[in-house]
Amino acid sequence: MDLLREMRQRRLFFDGGTGSLLQAQGLKAGELPEVWSITRPEVCVKLHRDYLEAGADIIKTNTFGANGLKFKGRENASGAQGPEAGLPAADRPADSYSVDEIVTAAMKNARRAVAEAGHGYIALDLGPTGKLLKPLGDLDFEAAVELYKEVVRIGRREGADLVLIETMSDSYELKAAVLAAKEAGEGLPVFATVVFDGKGKLLTGGNVESTVALLEGLRVDALGINCGLGPVQMKGIVEALLKVSSLPVIVNPNAGLPRSENGVTLYDIDGDRFAQVMEEIARMGACFLGGCCGTTPEHIQKTVGRCKDVPLVLPQARKRTVISSYSQAVCIEGKTVIIGERINPTGKSKFKQALRDHNLEYILKEGVTQQDNGAQVLDVNVGLPEIDEPSVMEEVVKELQAIIDLPLQIDTSNPRAMERALRVYNGKALINSVNGKAEVMDEIFPLVARYGGAVVALCLDESGIPETAEGRIQVAKKIIREAARYGIGTEDLIFDGLCMTVSSDSKGALTTLETLRRIRDELGCKSVLGVSNISFGLPQREIINASFFTMAMECGLSAAIVNPNSEAMMRAYYSFNALMDMDPQCGEYIRIYGGQAGSLGKTLPRNPGAGSAGVAGGGLESAAGQSAAAFEIASRLSAAIERGLREEAHRAVGELLETREPLDVINTEMIPALDRVGKGFEAGTIFLPQLLMSAEAAKAAFEVIKDRMASSGQVQEKKGTIILATVKGDIHDIGKNIVKVLLENYSYEVIDLGRDVPPKTIVQTAMERKVRLVGLSALMTTTVPSMEETIRLLREQLLGTLVMVGGAVLTPEYARTIGADAYCRDAMASVNYAEEVFAGT
C-alpha cells in the first residue's frame, strides 16, 4: 500500500536506535557506524529485520552521517580508482569510501531485511552535517543543499520509500535538507523530526511554533521530535506540537536518559515503561511512534503491542495564519500585527544612497530600531533601478536574519529577487505581493507552493483598482480560487484592501474601510494595509494616519504596514489595544508609557538589557564622569556589540580609543556588553544566532584594540589556555566552534584541535602545553566512549587537568559517570566554568 495513504488509515511505527545497538555488537569508540553497512552487512541486515519482526513498519537506513563532509571517498562517482579501491572492504580506511558506496550498501541491507521480513517501508535517513551554516558558521546554504541532494539521489535510485530528516537542531540546516529532499527526491514523501531541549527550543533558538510553521510551509508530509529526551520529558513538547500542527506528528524518543557503566552507555527506561508512556503519547494524538538512542527491538515490540489498537486521530487543519523567523512565529490573529515599513527606498533619499553604496550596516540599523520600537515583522524592499535587486535582496535577507529575530516580509515585484530571498529565508516569510492578474499569480503562487509563506494579495487585476468594495471583494474571490489550484489555503492569503489617498478621492477611506469589514466578515480572511498611503499630499500627515489607523483596526485590520518609529502611530496602536480588551490589565500600555513624564507617545525599547540601540545599559555606570560625547560613543559601542553590528563596533571602538586606554575599554565597555548578551542567552531572551553575531561584533572591536596595543608596545594578557576538541569518530563541531568564539572574546587562548580527534592527540597536546582545562564535544551516542577514553587518559597522565564536556547526547549525570569535571549545556556555561577555573590566576 502507498505510504501516504496507509498512514491515514492506521498508526505506523518506526524502528529504534541504530548506533547504540551496533555498539553492543562491537562497534568501537570512534568507529563510523555507516561503514558497517559495507564491512558488517549481516549485522545491519539483522538489526533491520529484528525491528521489522518486532512490529516496526518503517526502518531507517544506516546513513545518519553519510554525507560528503565525512565520506569524501577516493573512489568517486566517475569510477576513478584510488590506491585502496582494490582492498577488501574491511581493510579500507573509513575516509576512502564514497557517499555512493555507503548509501548504496545501506539501502541494499535495508531492502534485504524488508524482503526477508515480508513487509516494511525504507526511510532514507538524513542527519545533520555537523556544521553551522553561514553567516554563523562556514557552510554555505546551497552547499548544504547539495550535500543532502547527493544522498537523496542515491537513496531514491536504490529504492527508498521516503526521506526521513532527523535529529535537526538548526532550522536553517533543516530547510536545506527539506529542499534537497523535495528537489532530488522526485515525489518521495518527506518526514522531518527535530531535537528540542527540555524548554522546547532548538539549538539555534527555534521553538515549536516556528518549526511547525517552517515545515508546513515547505510542505513536508509529517513532522515531529526525536532524540535528546526520553518519552517522559517529551510529553509536554508533543502536546505543544499537536496544538499547532496540521500534519501527522512523529515521536521517536530516546530510552530515557543515558549513563555510563564500565564504558558502556546505558539508558534508564526499559521496554515496559517506554511502551506505557508511548501509549499515553499515542492517546494524545501522535500518528507515528518509534525510538531513538538506546531503544531496542524490545522497546518497539512492547510499544506496538500497547499502541497498535489505540484509535488513530488524524490532525485537523488548524487554519492559522502564521509566519515565522528562525526563532519565533507570529500568528496573525486578534490584535493587529505591526509591519515596520522603513526598509524601503521609496521617498527615502538616505536609504537609496545606502543601497547605492552597498551600506548594509545602515539597513541593519533601520531594522534594529524598528524592532526596538515595537515592530513585529519587518518589510524588506531594496528595489532601485540601478542596483542588482535579486543579489542585494538575497544578501540583505541573510544579514537581517543573522541579527534580528523578527519575521520578514519579502517586498518586491521582481520574481527573481523574490525567489532568491525565499530560498535563503530562515523561516516562513510574508510575501508582498500577488494580485488578481493571471500572469502575476502564475509567477508568484508556484514560489509560495515551493518555499512556503503567507501572501499579501492586492485586490486589483487586469482592469485596475476597483472603485467599490464589491469590486475588490470579487477580485479577492478570484485570487482565492486560483490559489487553491496550487494548494494554498485562505489562511495563507492576507488581502490588501488598497488604501487610496483621501486628498484625491474623498470616498477613498470609506471604500477601504468597507473592504476591510467584508474581508473579515464575508471571506473570513485576514487583511493588511499600507496605512500611510491615505495621507499623501496633506499637511501633518501623521494626524490623518493615526486616525485612519484606529478606524481600520476597528474594521478588522489584521496587519498594518506602518512606521513603528512614529509616536503618533504607536500611540494609536497601544491605546486601541487597551480600549478593546486586547491588552490585559492595560499591561503593555503601562509598560510603554508608565515611566514617561513628557513626550507622550514615545515608544521605548521592549527588552532593556538584552541589547538594542537604546540599551547600552552598562553605559550609565561605566561612563560616569565622561563627557557627553564620550558617553555617547561608549553607548554606541556597547549597543553595537549587543546587537551584532560589526562595522558600528569597529568604528565606535576606534573613536573611543582616542580618549580612553584599551584595557579600560575592554573591561568597562566590551566585557559588560558581552555579559549582558550572555545573561540574555541564558534567560532565553536572546538566541544562538544573536549570541554569535554579538561575539563577531566584539571580535571586530578587539581587532582594533589589538592593533592599537601592538603599535604602543602593549600586550593583552590571556586569562588562560584551553584545549577544545570534538572527539574521535565525531565530525559535528558546531558546539565546539561556538564555545571557541566566546572563549576567545573573553580573553582565553584556545587550542582548537578540530574534530574526529584521537584521545592520544588531546592528551599529548595537553601535556606539551601544560593546559589546565580541556573541553570535549560529542553529538552522537556512538562517540561518547571516545570522550570517556580521553578523560581516562587525561586522568592517568595529567593530574590536575580539568575536563568540561558538552553535546546533545550528554546530561549532567552522564557527564559525571564518564569522569568529567563539568557538564556545560551551552557555550555560555563553558565560559562561566572557565571563569571559575581561572579565577585568581
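A nonpolar core is a set of buried Ala, Val, Leu, Ile, Met, Phe, Trp, Tyr and Cys residues joined through side-chain atoms within 4.5 Å. In the structure described here, which is a predicted model, the largest such core comprises 213 residues. Within this core, Ile165, Val251, Leu637 and Leu743 touch the most other members. Helix H26 (residues 688-711) supplies the largest share of the core, namely twelve residues. The surroundings of Leu637 were examined further. When neighbours within four places in sequence are set aside, Leu637 is in contact with Ala649, Ala652, Val653, Leu656, Val665, Glu669, Met670 and Ala701.

An open sheet is formed by eight strands, arranged in the order E1-E10-E7-E6-E5-E4-E3-E2 with parallel pairing. The edges are occupied by strand E1 (12-13) and strand E2 (58-60). Each of these two has a single partner strand, so one side of each is left without a neighbour in the sheet. Helix H7 (residues 171-185) packs on the sheet, where it touches E4 and E5. The direction of helix H7 makes about 175 degrees with that of E4. Strand E4 (residues 162-168) and strand E5 (residues 190-194) run parallel and are joined by four bridges. Among the residues involved, Met168 has Val194 in E5 as its bridge partner.

Two buried residues with basic side chains were considered in their surroundings. Lys175 is placed in helix H7, and because its relative accessibility is 0%, below the 20% limit, Lys175 counts as buried. Residues up to four places away in sequence not being counted, Lys175 touches Phe141, Leu214, Leu218, Leu422, Arg423, Tyr425 and Gly427. From Lys175 to Ile102 the separation is 73 residues in sequence and 24 Å in space, C-alpha to C-alpha. Arg11, in turn, is found in the loop between helix H1 (3-6) and E1. With a relative accessible area of 4%, Arg11 is likewise buried. The contacts of Arg11, again not counting residues up to four places away in sequence, are Asp57, Ala282, Ala286, Cys287, Leu289, Cys307, Val310, Pro311 and Leu312. Arg11 and Asp733 are 722 residues apart in sequence, and their C-alpha atoms are 37 Å apart in space.

Aromatic side chains were examined next. The structure holds eleven aromatic pairs. One of them is formed by Tyr748 and Phe838, whose ring centres are 5.5 Å apart and whose planes make an angle of 55 degrees, a tilted arrangement. Tyr748 lies in the loop between helix H27 (734-745) and E22, whereas Phe838 lies in the segment after helix H31 (827-837), so the pair ties together parts that are 90 residues apart in sequence. Tyr748 and Phe838 are both buried. The ring of Phe838 also has a charged neighbour: Arg772 lies over its face, at 5.8 Å from the ring centre. A comparable arrangement of charge and ring involves Arg40, the charged end of which sits over the ring of Trp36 at 4.5 Å from its centre. In addition, one aromatic cluster is formed by Phe549, Tyr573, Tyr574, Tyr589 and Tyr593.

The backbone was then inspected for uncommon geometry. Most residues other than glycine have a negative phi, and most peptide bonds are trans. Against this background, the peptide bond from Lys134 to Pro135 is cis, with omega near 5 degrees. Pro135 is found in the loop between strand E3 (121-126) and helix H6 (141-157). A cis peptide bond also joins Asn432 and Ser433, where omega is about 20 degrees. Ser433 is placed in strand E16 (residues 430-435).

Positive phi values occur at His358 and Asp756. For His358, a residue other than glycine, phi is near 55 degrees. This residue is located in the loop between helix H12 (349-356) and helix H13 (360-372). His358 counts as partly exposed because its relative accessibility, 41%, falls between the limits of 20% and 50%. Asp756, which is not a glycine either, has a positive phi of about 55 degrees. The position of Asp756 is in the loop between strand E22 (749-752) and helix H28 (759-769). At 32% relative accessibility, Asp756 also counts as partly exposed.

Note on methods: Residues are numbered from 1 along each chain as its sequence is written. This is a predicted model: local features need pLDDT of at least 70, side-chain atom pairs count only at pLDDT 80 or more; totals for chains, interfaces and linings use all residues. Side-chain values use heavy atoms; hydrogens and water are left out. Buried means under 20% relative accessible area, exposed over 50%, partly exposed in between (1.4 Å probe, protein chains only). Rings of Phe, Tyr and Trp (its six-membered ring) pair if their centres lie within 6.5 Å; planes under 30 degrees apart count as stacked, over 60 as edge-to-face and the rest as tilted. A charge sits over a ring if NZ of Lys or CZ of Arg is within 6 Å of the ring centre and within 35 degrees of the ring normal. Two strands pair if DSSP finds at least two bridges between them. Contact means heavy atoms within 4.5 Å. Axes are lines fitted to C-alpha atoms, for helices over the stretch in contact, and angles run from 0 to 180 degrees between N-to-C directions.
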